[in-house]
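Student: I have a structure open on my screen and would like to work through it with you. Could we take it one question at a time?

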Amino acid sequence: MIEAKVLRLLGPRALSWETVVLDPERLGPSEVLARTVVSAISPGTEIAAYVGAPPLRPGPAYPRLQGYCNVARVEATGAAVRACRPGDLVLTHQSHRSAFVCPDAEILVATRVERPAALSVTYLFHLGYAALSKAGFRPGHDVAVVGLGAIGLGAVALASAFGGRVVAYSDQDGARALALRLGAREARAKDDKMARSADIVVSTANGWGDWMLALDLAARGGTVAVLGFPGRGLPPPQENPLASHLFYDKQLSLVACGMVPETPVAAHEIRFTLGRNMEFLADRILSGAIDAEALVSDVLPAERIGDGYERLAAREAGAVTFALTW
C-alpha cells in the first residue's frame, strides 16, 4: 500500500494536505501507478484560485485540486498498458500529489530523458502553441506578445523558434530580459508602441489597458489570440473594449485560444491534438531546442508550495513559475 499526499485548496489561501491510499496490487489492466518527481505551478490558474479571484465559469469554486503539470516516474503498469513502462518519466495533468493511479490514456508524454523540471512546464508552452496555431501563424509573421508571464514567455519562445519576428511587451525589466533570451527581437514597456503593426497579437494579460494595447498593436486584418481573461475581477472599462476604430475599422479577428481536441484519433482525422502537440513540444524541450528552464525561476520542496503561491501572488521580481520536488 502507498500513502499519497494530495494538495487541496479549501478556499482562498486555505491549503490542506490529505492522504489517499493506493494499492499497487489492484491496478486495472490499463492503469498506471506512478510517483511524482516534479510538478510545476500554473501561475495563472492556480494563483487566481489561491487568492480568490472570481471563477471563470459558474459553479462551486472550492474545494478544488490544484495543479495540472505533473511529471512522475512509473512504478507499475497493468497488463494492457503500452504507453509507458516502469522507470519511464510520464507527463500528465495530475494535480499536485506525491503518487497516483491513472488510466494510460491520460499519459501525455513518456520518456527516459532525465529532465523532469524542464518537462513539467510543457503545457505552459502548449498554451502559446495553441494560440499561434489558432491564429494561423506562419514563419515571417510579425507577432506581438502582451504580458510576459509564463504563458507569454512560452509564446515568445515558440513564435521566435518557428520563424516569427517577435516584439514582447511588459512593464517588468526582468520579464523583458527573459523575452530577449527566448528569442524576441525587441522587448518594450507597454507604453512604448512598436513602429509597425503585428499580424498576430497574443494577449495573455487581464487588464483593460493590456486589452486596448493588444487591439492597438494589431495590423489591419490581423488576429488577436486571447489567452488571458480581459477584465477578470475588474470593474467595467473606461474605454470601449471593442472601439470601432480599433476593431471594426481594422477588421480584426478575435480568437479564444487554449483548448484543442483531446480525443486520441488517427492523425489523418485530426492532426493537431493535445497528445501530439505535447509530444512535439516535449521533444523540442528535452532536446534543448526550447529553453524551458527559463520559465522555472526556483525549485522548492512540495511542502513549501504555500510559499511559492505567496511569492507568485505578490509578483516577486523575476518570478515566472516554480517547480516542486517530491
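Tutor: Gladly; what follows is a set of questions and answers on charged pairs, buried residues and helices in this predicted model.

Student: Let's begin with charges. How many salt bridges does the structure hold?

Tutor: Side chains of opposite charge can pair when their charged atoms come close. Counting such pairs through this model gives a total of 17 salt bridges.

Student: Which residue forms a salt bridge with R115, and how many residues apart are the two?

Tutor: The partner is E293, with the closest N and O atoms 2.6 Å apart. R115 sits in the loop between β8 (109-111) and α2 (116-120), while E293 sits in the loop between α7 (274-286) and β15 (296-301). The bridge therefore links distant parts of the chain, R115 and E293 being 178 residues apart.

Student: Are R115 and E293 buried, partly exposed or exposed?

Tutor: Buried means under 20% relative accessible area and exposed means over 50%. R115 has 23% relative accessibility, so it falls in between. E293, at 36%, does too. R115 is thus partly exposed, and E293 is also partly exposed.

Student: Now for helix α5 (residues 173-181). Why are D173 and R176 separated by about one helical turn?

Tutor: An α-helix has 3.6 residues a turn, so residues three or four places apart point the same way. D173 and R176 form a salt bridge, their closest N and O atoms being 2.4 Å apart. They are separated by about one turn because their spacing in α5 is 3 residues.

Student: Within that pair, which residue is buried and which is exposed?

Tutor: D173 has 57% relative accessibility, so it counts as exposed. R176 has a relative accessible area of 17%, under the 20% cut-off for burial. The exposed residue is therefore D173, and the buried one is R176.

Student: Where do the buried residues of α5 fall around the helix axis?

Tutor: The buried residues here are A175, R176, L178 and A179. Seen down the axis, they fall within an arc of 160 degrees, so they line one face of the helix. That face packs against α4 (150-161), β10 and β11 (186-188). The place you asked for is one face of α5.

Student: Just before that helix comes S170. Which backbone nitrogen lies 3.1 Å from a polar atom of its side chain?

Tutor: S170 lies in the loop between β10 (165-169) and α5, and it is buried, with a relative accessible area of 6%. Its contacts further away in sequence include A175 and R176 of the helix, along with L148 and R188. The backbone nitrogen at 3.1 Å is that of Q172.

Student: R97 caught my eye as well. Which is the nearest side chain of opposite charge, and how far away is it?

Tutor: R97 is in the loop between β6 (89-92) and β7 (99-103). It is buried yet has no salt bridge, although a polar contact of 3.0 Å joins its side chain to that of S95. Among the residues it touches are K5, N70 and W326. The nearest side chain of opposite charge is E18, at 8.0 Å.

Student: On to nonpolar packing. How many residues does the largest nonpolar core have, and which have the most contacts inside it?

Tutor: V143 is one of the residues with the most contacts in that core, and it touches L132, F137, I200 and V202, among others. A second, separate core of 18 residues includes W211, A214, L217 and A218. The largest core has 57 residues, with the most contacts made by F125, V143, V156 and V202.

Student: Last one: which elements do the buried residues of α8 pack against?

Tutor: In α8 (residues 305-313), I305, G306, G308, Y309 and L312 are buried. They cover an arc of only 160 degrees around the axis, which puts them on the same side of α8. Just after the helix, R315 takes a positive phi of about 55 degrees. The packing partners of the buried residues are β1 (2-11), β2 (14-22), α1 (45-51), β15 and β16 (321-325).

Conventions
Residues numbered from 1 in each chain as written. Predicted model: local features only at pLDDT ≥ 70, side-chain atom pairs only at ≥ 80, totals over all residues. Heavy atoms only, no water. Salt bridge = Lys/Arg side-chain N within 4 Å of Asp/Glu carboxyl O. Helix = DSSP H or I, 4+ residues; strand = E, 2+ residues; numbered from the N terminus. Buried < 20%, exposed > 50% of the residue type's maximum accessible area, 1.4 Å probe, protein only. Core = buried A, V, L, I, M, F, W, Y, C linked by side-chain atoms within 4.5 Å. Contact = heavy atoms within 4.5 Å. Lys, Arg positive; Asp, Glu negative; His and termini not counted. Polar contact = N/O pair within 3.5 Å; in protein donor to acceptor, adjacent residues only side chain to side chain. Arc of directions from axis to C-beta.
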